[in-house]
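The following report was prepared as a description of one structure for a computational chemist. It treats the ligand site, the loops beside it and the packing of selected helices in turn.

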Amino acid sequence: MSVENAGAKNILVIHGPNLNLLGSREPGIYGYETLQDINRNLSQAAEKVQVRIAFFQSNAESALIDRIQQTMTDGTDFIIINPAAYTHTSVAMRDALAAVRLPFIEVHLSNIFSRETFRHHSYFSDMAVGVISGLGSKGYELAMEYALTIRQ
Ligand code: DQA
């Protein structure tokens, strides 16, 4: 990544339910990379541009909400989030993101629009800076690259 960092300095990456199973979970859809692989690649990219990056995964909606709320005091200035199945159900996580008022990019490994109809709606997309869906783990890297270009 060869981007001059004029933007985010403190990024939080949030992974929703079942993403802890990446690597073995429906690999035809989500690929063979594990969550640890994805986080490691992002950490390495962040280190190169001297950005602080933190990761959080939970299967519990309340824990995800608590972590989003923590950003009000922990210095996070940008969120990259894959809400996973909560994308399609969670008004509560949407409200948490609205409350903390941080810019965020919504990422999905799969193309949610080419899948079942119930995956086509997201409670997050209209509030997001942007949405990346269907580019696999590359989506997280592109989201980070973009976050670095946004003037705060
Ligand atoms: C997902 C897509 C969601 O519909 C699904 O529930 C997930 C993962 C993705 O990354 O493609 O768990 O967010």
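## Ligand site, loops and helix packing

Arg115 is found in the loop between β4 and β5. The model discussed here is a predicted one. With a relative accessibility of 17%, Arg115 counts as buried, because buried means under 20% relative accessible area. Its side chain and that of Tyr30 are joined by a polar contact of 2.9 Å. Apart from neighbours within four places in sequence, Arg115 is in contact with Ile29, Tyr30, Ser110 and His120.

### The ligand and its shell

Which residues surround the ligand? Arg115 and Tyr30 both belong to the shell, together with Arg25, Asn82, Ala84, Ala85, His88, His108, Leu109, Ser110, Ile112 and Arg119. By residue class, the shell divides into five nonpolar, four polar and three charged residues. Three side chains of the shell place an N or O atom at the distances below from an oxygen atom of the ligand.

| Side chain | Distance from its N or O atom to a ligand oxygen atom |
|---|---|
| Arg25 | 3.0 Å |
| His108 | 2.8 Å |
| Ser110 | 2.6 Å |

Taken on its own, the ligand has 320 Å² of accessible area, and the protein covers 99% of that area.

### His120 and Thr87

His120, which is in contact with Arg115, is likewise placed in the loop between β4 (residues 104-108) and β5 (residues 130-133). Is His120 buried or partly exposed? Its relative accessibility is 33%, so His120 counts as partly exposed. The side chain of His120 reaches two backbone oxygens: that of Arg115 at 2.9 Å and that of Glu116 at 3.4 Å. Neighbours within four places in sequence left aside, the contacts of His120 are Ile112, Phe113, Ser114 and Arg115. Two of these residues, Ile112 and Arg115, also appear in the list of residues that surround the ligand.

Thr87 lies 33 residues from His120 in sequence, with 9.5 Å between the two C-alpha atoms. The loop between β3 and α4 holds Thr87. In this case the relative accessibility is 0%, and Thr87 therefore counts as buried. With neighbours within four places in sequence set aside, Thr87 is in contact with Glu106, His108, His121, Ser122, Tyr123 and Phe124. Among these, His108 is also one of the residues around the ligand.

### Helix α3

Helix α3 spans residues 61-70, and its buried residues are Leu64, Ile65, Arg67 and Ile68. Why do these residues lie on the same side of α3? They cover an arc of only 160° around the axis, which puts them on the same side of the helix. The elements that cover the buried residues of α3 include the strands β1 (10-15), β2 (52-57) and β3 (78-82), as well as helix α4 (91-100).

Glu61 also belongs to helix α3, but this residue is partly exposed, at a relative accessible area of 27%. Residues up to four places away in sequence not being counted, Glu61 touches Tyr86, Ser90, Ala92 and Met93. Between Glu61 and Pro83, which are 22 residues apart along the chain, the C-alpha separation is 9.4 Å.

### Helix α5

In helix α5, which comprises residues 138-147, the buried residues are Gly139, Tyr140, Ala143, Met144 and Ala147. Viewed down the axis of α5, these buried residues fall within an arc of 135°, so they line one face of the helix. They pack against two groups of elements: helix α2 (35-48), and the strands β1, β2, β3, β4 and β5.

### Backbone conformation before α1

Which non-glycine residues with positive phi does the loop between β1 and α1 hold? Asn18 and Glu26 are found there. Asn18 has a phi of about 75°, and Glu26 has a phi of about 35°. Asn18 is partly exposed, with a relative accessible area of 34%. Glu26, at 43% relative accessibility, also counts as partly exposed. Helix α1 itself covers residues 27-30.

Terms used
Residues numbered from 1 in each chain as written. Predicted model: local features only at pLDDT ≥ 70, side-chain atom pairs only at ≥ 80, totals over all residues. Heavy atoms only, no water. Near = heavy atom within 4 Å. Polar contact = N/O pair within 3.5 Å; in protein donor to acceptor, adjacent residues only side chain to side chain. Areas by Shrake-Rupley, 256 points an atom, 1.4 Å probe, with all protein chains shown as cover. Nonpolar A, V, L, I, M, F, W, Y, C, P; charged D, E, K, R; others polar. Buried < 20%, exposed > 50% of the residue type's maximum accessible area, 1.4 Å probe, protein only. Helix = DSSP H or I, 4+ residues; strand = E, 2+ residues; numbered from the N terminus. Arc of directions from axis to C-beta. Contact = heavy atoms within 4.5 Å.
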